[in-house]
Amino acid sequence: MASVEVSGLTVRRGGKLVLAGIDLSVPAGSVTGLLGPSGSGKTTLLRVLVGAQRFRSGRVQVLGRPAGHRSLRAEIGYTTQAPSVYPDLTARENVRYHAQLHGRPVGRVLQDVGLGGEADRLVRAMSGGQVSRVSLACALVGQPRLLLLDEPTVGLDPVLRRDLWALFRALAAGGVTVLVSSHVMDEATRCDRLLLLREGRLIAEDSPDNLLASTGATGMDDAFLRLVEGVPA
Amino acid sequence: MNAAFVAATTSRVLTQLRRDRRTIALVLVVPCLLLWLFHEVFADQPLVFQATAPAMLGVFPFVTMFLVTSVIMVRERTSGTLERLLTTPLGKADLVLGYALAFGLLAGVQALVAAGVALGLLGLDQPASVPVLLLLTVGNAVLGAALGLGLSALARTEFQAVQFMPAVVLPQFLLCGLLVPTDRMATWLDWLSRVLPLRYAVEGMDRLTGAAAVTGLVWRDLIVVLGCALVALLLGATTLRRTTA
């Protein structure tokens, strides 16, 4: 079963074609990577799924309902690329607010994102990587069925990146669908499935292994180049 | 409308305000200093202070809350926190009401302090009812907050938001009857002032101080102020957009 089903999605912003007739699906309980260079339309696609971006044409079903449906707001966790949390609150206070908006307990989400020891520090005083994890914790605390994460691992050291991917994996094992955007091709290998975007078009939708095999590439960067340049396998 | 969401928002905003000690100090101390300064400047004309101080008590919360709210809302809009909040179950009315309650509370404290100084230390004539005076003050504050909320939609930066203050506040300040009594203005100015809510805020304050009883006209002024605040809040809520084109 698919958590997200998109067909013929076209988005124009300010006269510019940002997404040009995209078809894709995201299987439930998977970790799916949305990859592509910056400006390829990743953020716009996530904003369509969360219901923040209007679209011209196409059909977008999220958890079996049209994108932006009122009832979906309780079931989706979303982080924006620039962490949208309050700098003048502590990590715990930010998370508590989102917990209250979902009627859920705060629980251990701050420990889950590796901020257990920083819970009472003001976000203003935190590093960029810590702030983005506070933002992630705010998305997790509502116990969503679908997580839409816009570049959550930017600026993190390799140890933290590995830990976060382990967390995404654990969430998916518990039935949560995780859609993660990234412009770092290395991260692709950690996903069950990949969606490759370029200039508003979907150029590939497959598992990492299949992508490597079908392009005959040695790594993800290479696979991307081969897809773009049409190099035969 | 969800009471738990409203309460969560109010408590979040109050926590943010509490962190900003300097703003709190300015909000509470500046009105008192201005009242005192006014008192001293007109030391040999005590009637001027008696005539003007009530109006000043009406104008302060309006101006302060307009500024604080418009800057905070521009911050919410530009930092992405607003867009994010609107993807959660939080309703627009919950958010707006949560803000209004937090600022109303701050304004209540401001009114208590300023009225305390004016009545207790500077010898302003006792009002017919202190609770009604405070209620009117909080109404003014919520009105200022609501206008700030709505106009923040027109500002892209905090700097622009601050520039709206003179544009929105000064005309009302000139026309509200504080500088020249409204019945001595040209007829068209008098009519113009009748559609601006600050006039009723100032009029209500005037009718309360030095009076023996709370008259029906005071209640009318209070209802006009609260009604305008409610309308401005509703209009403010419509400027919050869940989706962008």
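## A tour from the helix pair outward

Select helix α2 (residues 91-102) of chain A together with helix α1 (residues 3-19) of chain B: the two pack at an angle of about 165 degrees, their axes 9 Å apart. Angles over 145 degrees count as roughly antiparallel, so α2(A) is roughly antiparallel to α1(B). The crossing of α2(A) past α1(B) is left-handed. Keep in mind that this model is predicted.

Now show the side chains of this pair. On α2(A), pick Glu93(A), Tyr97(A), Gln100(A) and Leu101(A). They meet Ala4(B), Phe5(B), Ala8(B), Arg12(B) and Thr15(B) in α1(B).

**Widen to the interface.** Select every residue of one chain in contact with the other. That gives 23 residues of chain A against 21 residues of chain B. On the chain A side, β6 (76-79) and α2 each supply at least two of the touching residues. Which element of chain A gives the largest share of that side? It is α2(A), with six residues.

**Show chain A alone.** Colour by secondary structure and look for seven helices and 10 strands. The radius of gyration of chain A is 18 Å, and the globule rule gives 17 Å for 233 residues, so chain A is as compact as a globular protein of that length. Turn the C-alpha trace along its principal axes: the spans are about 55 × 40 × 35 Å. Next, colour by burial. Of the 233 residues in chain A, 49% count as buried. Then draw the contacts in chain A with a separation of 6 or more: 67% of these join residues 24 or more positions apart.

**Move to the core in chain B.** Select Phe103(B) and Ala146(B). Which residues touch the most other members of the largest nonpolar core? These two do, in a core of 72 residues. Add helix α3 (residues 46-79) of chain B, which brings the largest share of this core, 16 residues.

Zoom in on Phe103(B). Leave aside its neighbours within four places in sequence, and its contacts are Met65(B), Val68(B), Thr69(B), Ala141(B), Val142(B) and Ala145(B).

**Last stop: the other core.** Another core, of 70 residues, lies apart from the one around Phe103(B). To find this second core, select Leu110(A), Val131(A), Val141(A) and Leu212(A), which are among its members.

Notes
Residues are numbered from 1 along each chain as its sequence is written. Chains are lettered from A and ligands numbered from 1 in the order in which they are written. This is a predicted model: local features need pLDDT of at least 70, side-chain atom pairs count only at pLDDT 80 or more; totals for chains, interfaces and linings use all residues. Helices (H or I, at least four residues) and strands (E, at least two) are DSSP runs, numbered from the N terminus. The radius of gyration is taken over C-alpha atoms; the globule rule is 2.2 Å times the number of residues to the power 0.38. A residue is buried if 20 or more other C-beta atoms lie within 10 Å of its own, exposed if 12 or fewer, and partly exposed in between; C-beta atoms are placed from the backbone. Two residues are in contact if their C-beta atoms, placed from the backbone, lie within 7 Å. A nonpolar core is a set of buried Ala, Val, Leu, Ile, Met, Phe, Trp, Tyr and Cys residues joined through C-beta atoms within 7 Å. Axes are lines fitted to C-alpha atoms, for helices over the stretch in contact, and angles run from 0 to 180 degrees between N-to-C directions. Angles under 35 degrees count as roughly parallel, over 145 as roughly antiparallel, 65 to 115 as roughly perpendicular and the rest as oblique. A crossing is left-handed if the near helix is turned anticlockwise from the far one by less than a right angle, and right-handed if clockwise.
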